[in-house]
There are 2 protein chains.
Amino acid sequence: VILIDGKPTDQISVLDRGFTYGDGVFRTMKVSAGRVLCWERHWRKLGSDCLALGLTIPQRHLIEQDRDRAAGGLAAGVLKIIVTRGVGGRGYDPALASGGTRVIMSFPARSDSTTTPRDGLCARWCRTRVSVQPALAGVKHLGRLENILARAEWSAPEIDEGLMLDPDGHVIEGTASNLFLIENERLVTPDLTRCGVAGVQRERVLEVADRLGIECVIQAMSVEQVLAANAVFLVNSLIGIQPVTRIEQRIYPQSALVNRLALELDGLDD
Amino acid sequence: VILIDGKPTDQISVLDRGFTYGDGVFRTMKVSAGRVLCWERHWRKLGSDCLALGLTIPQRHLIEQDRDRAAGGLAAGVLKIIVTRGVGGRGYDPALASGGTRVIMSFPARSDSTTTPRDGLCARWCRTRVSVQPALAGVKHLGRLENILARAEWSAPEIDEGLMLDPDGHVIEGTASNLFLIENERLVTPDLTRCGVAGVQRERVLEVADRLGIECVIQAMSVEQVLAANAVFLVNSLIGIQPVTRIEQRIYPQSALVNRLALELDGLDD
């Protein structure tokens with residue numbers, strides 16, 4: 001199902017600024033039994049990302065109406081929401097825009113899907129860096145070329161994810177996931193105030209860790225720190241928590257703490 | 001006129017990666033008497049930008065066919081070409097893409113257009129920085145949020161352009177133009193190997209200067225250097241060369257050399 005401003009169509013104006021300039025934001029959510037998981041958080045994040053770019057936040061009841069039409073009949077799958085600044089004339093000036101476009105799409109789960117449980121992920125280091133841009137840091141905007149160039153660095157099916165560094169060599173994220181380390185009994189995740197996408201699952205893990213009394217540190221992270229960690233895991237809204245079993249030559253053992261966090265995360269309502 | 005893959009329509013698939021990920025490049029060209037100015041250069045730049053992102057370069061005869069249909073009847077206006085990686089599934093992996101989409105659009109010149117001659121431009125400094133990304137430096141890709149955020153910093157109609165710095169404080173470009181200084185009798189323009197868009201008119205100015213035996217330096221440029229320059233001018237394919245008469249408090253006098261370069265640029269065939 002695809003709805004554009006509430007109408008069933010998969011065609012959008014070629015003058016939409018989402019297409020011409022990447023002038024918009026998006027969310028990718030997991031659907032289970034017709035229900036969008038972590039909806040409240042995704043809605044809040046959609047709103048804060050719109051605010052960061054000065055986009056008009058769509059009306060909640062319209063988005064939720066679209067959501068239910070798109071996801072309601074889906075046993076398992078994915079809901080994607082895109083919000084753009086709308087159709088605009090030539091030129092970057094956002095004052096030229098029409099006010100906004102909302103796109104809601106749902107897809108059934110793929111059989112080979114990343115949404116199905118796995119034994120853990122195999123990761124590699126990417127050469128493509130995440131550029132530093134505090135004005136966009138944390139925001140999941142439509143300009144994703146860095147992630148695409150990073151993802152294009154490998155085609156081997158046994159590699160699940162690539163890890164990206166910033167220009168200073170700090171570890172930031174996976175191409176489509178956020179990263180956590182376990183160092184002894186504490187949790188460490190990269191600081192994303194200069195670059196990267198601060199995902200909803202990252203926020204949930206931080207909350208769960210806090211509830212469990214697990215120390216959690218947000219900081220600049222080095223490659224050496226990742227290699228020295230007891231365990232590494234990746235999160236996003238489709239895979240949930242997935243332990244990393246290997247990053248190139250480094251093999252990580254199973255971690256009881258990662259399993260415990262995954263279990264607790266499942267139990268968290270939103 | 002709007003043509004998508006040669007067909008007259010202004011609607012594009014919402015699954016096109018140009019829309020979902022900014023996964024494409026574009027060109028904006030001036031049309032005069034049905035002819036696209038500097039076509040050879042734009043075609044070459046389109047090709048090199050496609051190569052930089054691993055996009056399939058459209059067939060030249062198809063693009064030129066579309067170009068003639070879109071621009072042929074236009075007395076004065078703008079031709080825009082967008083090339084994307086095509087329709088793709090979910091996920092950043094470019095291997096998922098359909099092979100490419102080409103969009104050609106033409107617009108008649110606006111009466112208030114930046115294409116009409118002016119007495120010079122009034123510029124300001126932008127707070128939004130251009131991020132450093134060597135993998136995308138020079139390429140005019142579809143992810144233009146930095147330029148949009150910079151352009152959103154002012155609405156005063158007397159301001160024509162905003163100048164952007166990189167994170168280290170080097171002057172890089174205007175939000176939609178390249179920048180040149182005249183220092184005594186030499187030309188200076190920012191180095192764009194780390195960030196920025198290396199436009200076709202910038203290349204033409206460098207060639208013209210070389211032919212005229214004017215010394216030309218491509219280097220890291222400071223704000224102080226801009227303020228101390230004898231003259232400043234901006235270029236893009238719609239405005240050509242435009243002298244900057246003012247940057248905030250700094251007023252620049254007329255420059256015979258800028259006028260000469262503008263004249264020579266007009267005389268350059270492509």
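**Entry 1: a pair in helix α2**

I began with helix α2 (residues 39-53) of chain A, where A:Lys45 and A:Asp49 are separated by about one helical turn because they stand four residues apart. I am working from a predicted model. I looked up the pair and found a salt bridge between A:Lys45 and A:Asp49, with the closest N and O atoms 2.8 Å apart. Side chains of opposite charge can pair when their charged atoms come close. I then took the total over all chains, which is 33 salt bridges.

**Entry 2: where chain B meets chain A**

I turned to the contact between the chains. How many residues does the contact take from chain B and from chain A? I noted 54 from chain B and 53 from chain A. The two chains bury about 4600 Å² between them, and 66% of that lies on carbon and sulfur atoms. On the side of chain B, I found that B:Phe19, B:Arg90 and B:Tyr92 lose the most area to chain A, together 21% of what that side buries.

Next I looked for charge pairs across the contact. The count between chain B and chain A is two salt bridges. I wrote down one of them, in which the side chains of B:Arg151 and A:Asp93 meet at 3.2 Å, N to O. I also listed the residue pairs in polar contact across this interface, and there are 15, both residues being at pLDDT 80 or more.

I then asked which elements of chain B supply at least two residues each to the side that touches chain A. The strands are β1 (2-4), β3 (11-13), β4 (24-32), β6 (76-84) and β7, and the helices are α1 (17-21), α2 (39-53) and α4. From that set, α4(B) gives the most, with six residues. Sorted by class, the side of chain B that touches chain A has 26 nonpolar, 14 polar and 14 charged residues.

**Entry 3: the largest cavity**

I searched for enclosed space. Rolling a probe the size of a water molecule over the atoms shows where empty space is left. I found two cavities of 30 Å³ or more. The largest has a volume of about 530 Å³. Of the 36 residues that line this cavity, I noted the closest to its centre: A:Ser131, A:Leu136, A:Glu146, B:Ser131 and B:Glu146. Helix α4 (145-151) of chain A and α4 (145-151) of chain B each supply at least two residues of the lining. By class, I counted 14 nonpolar, 15 polar and seven charged residues in the lining of the largest cavity.

**Entry 4: the second largest cavity**

I then took the second largest cavity, whose volume is about 50 Å³. Which residues line it? From chain A, I listed A:Leu15, A:Arg17, A:Thr20, A:Tyr21, A:Gly88, A:Gly89 and A:Arg90. From chain B, I listed B:Lys80, B:Met105 and B:Phe107. The elements that give two or more residues to this lining are α1 (17-21) of chain A and β7 (101-108) of chain B. I noted that α1(A) gives the most, with three residues. By class, the lining of the second largest cavity has four nonpolar, three polar and three charged residues.

Notes. Residues are numbered from 1 along each chain as its sequence is written. Chains are lettered from A and ligands numbered from 1 in the order in which they are written. This is a predicted model: local features need pLDDT of at least 70, side-chain atom pairs count only at pLDDT 80 or more; totals for chains, interfaces and linings use all residues. Side-chain values use heavy atoms; hydrogens and water are left out. On a 1 Å grid over the protein atoms alone, a cavity is a set of points where a 1.4 Å probe fits but cannot get out, and a pocket is an open set with protein on both sides within 12 Å along at least five of seven lines; lining residues have an atom within 4 Å of a point. Grid points are joined across faces, edges and corners, and a volume is the space filled by probe spheres set on the points. Ala, Val, Leu, Ile, Met, Phe, Trp, Tyr, Cys and Pro count as nonpolar, Asp, Glu, Lys and Arg as charged, and the others, Gly among them, as polar. Contact means heavy atoms within 4.5 Å. Buried area is the accessible area (1.4 Å probe) that two parts lose on being put together, summed over both. A salt bridge is a side-chain nitrogen of Lys or Arg within 4 Å of a carboxyl oxygen of Asp or Glu. A polar contact is a pair of N or O atoms within 3.5 Å; within protein, one must be able to donate a hydrogen and the other to accept it, and residues adjacent in sequence count only if both atoms are side-chain atoms.
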